[in-house]
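Please open the structure in your viewer and keep the selection tool at hand. The stops below are to be taken in order.

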Amino acid sequence: MPSSDTSHSPADALAATLARIDAARKTALAPAPETRLIAVSKTHAAENIRPVLEAGHRIYGENRVQEAKAKWPHLKTEFPGVELHLIGPLQSNKAREAIELFDVIHSLDRPKLAQALRTEIDRVGRAPACFVQVNTGEEPQKAGVVPQDAPAFIALCREELKLRVEGLMCIPPADEPPAPHFALLAKLARPEGLRYLSMGMSADFEIAIRFGATHVRVGTAIFGERE
Ligand SMILES: *Cc1c(COP(=O)(O)O)cnc(C)c1O
C-alpha cells in the first residue's frame, strides 16, 4: 500500500503484523522461544514512525547511520525504551557513530569492521550486541561472510576481539525460495551456541518463523511502500 494512501494506518498495520507473527508461531513446529518484531523505519519520516511508537512498539531498524542519526535521537528522548537495530551495511569509519546510536548491529561481516568496532567500543564505553551477517546465497554483490567462513569469523569476533556476538543475520537472494537460506542460517548458529536468528522480511517472515527466527525485520507491511 503506498504511503500516499491516507487510509494506510501504520498502527493498524503494526497490530496486523503482530497478529501474523503470533499465528505463524502457533503453527510452527519448533518456533524460537520468542520472536521479536523489528519495525524497519528506513526512509520513513518521524511523523510516520510516531504512530507506531504511540501504539507502544519499541524495536526499530534502520539501514543507514546518517539517516538514523537525523531521526532517532529526538524520537528516543520522546519515547523512552527504544531499541534501535542497524540492519544495513556499516563502513568501518562509521563504527563510532553506530556504537553511539544503535543497540544491536546486524551487519558484522568482516575483520576490518570487527576491529573498528572493538576500538570504538573501548573509546565510547558502550557495547552493542552484534549479529554476524551471513551471505547464505554466496552472492558476489551482497554483504556478509560466506557460510564456510562463518565459524572462523565468529571465533575471531568472540575470542580475539571480545565482541558481544549474539546471533546471525541473513538476506536470502531475491529470486530464490527463502526457506533453504533460513534453514542454513539456523544450522550455522546451532554449533556456535548463538541464540538469535535475524531473518525474514515483509514477504517471508512467516516462513522465517518456521525456521526459528528470533528477530523478523519488517518494513513495508507496517509503514507501506517506500518511495
Ligand atoms: C529494508 C530491509 C528490510 C525490510 O524489508 P521489507 O520488505 O520492507 O519488510 C529488512 N531487512 C533489511 C536488511 C532491509 O534492508
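The tour goes from the ligand to the cysteines.

This is a predicted model, in which local features need pLDDT of at least 70 and side-chain atom pairs count only at pLDDT 80 or more, while totals for chains, interfaces and linings use all residues. Residues are numbered from 1 along each chain as its sequence is written, and side-chain values use heavy atoms, with hydrogens and water left out.

**Stop 1: the ligand and its surroundings**

Select the ligand, then the residues near it (one heavy atom within 4 Å). These are Val40, Lys42, Ile87, Ile171, Met201, Ser202, Arg217, Val218, Gly219, Thr220 and Arg226. By class, five of them are nonpolar, three polar and three charged.

**Stop 2: polar contacts**

Next, look for polar contacts (pairs of N or O atoms within 3.5 Å). Select Ser202: a polar side-chain atom of this residue is 2.5 Å from a ligand oxygen. At Arg226, a polar side-chain atom lies 2.8 Å from an oxygen atom of the ligand. At Gly219, a polar backbone atom is 2.8 Å from a ligand oxygen. The protein covers 89% of the 390 Å² of accessible area (Shrake-Rupley method, 1.4 Å probe) that the ligand has on its own.

**Stop 3: two cysteines**

Now select Cys130 and Cys157. Why do their sulfurs form no bond? The sulfur of Cys130 has its closest cysteine sulfur in Cys157, 7.4 Å away, which is too far for a bond. A disulfide is a pair of cysteine sulfur atoms within 2.5 Å, and by this rule the count is zero. Cys130 counts as buried (under 20% relative accessible area), at 1% relative accessibility. Cys157 is also buried, at 0%.

Notes. A polar contact is a pair of N or O atoms within 3.5 Å; within protein, one must be able to donate a hydrogen and the other to accept it, and residues adjacent in sequence count only if both atoms are side-chain atoms. Ala, Val, Leu, Ile, Met, Phe, Trp, Tyr, Cys and Pro count as nonpolar, Asp, Glu, Lys and Arg as charged, and the others, Gly among them, as polar. Buried means under 20% relative accessible area, exposed over 50%, partly exposed in between (1.4 Å probe, protein chains only).
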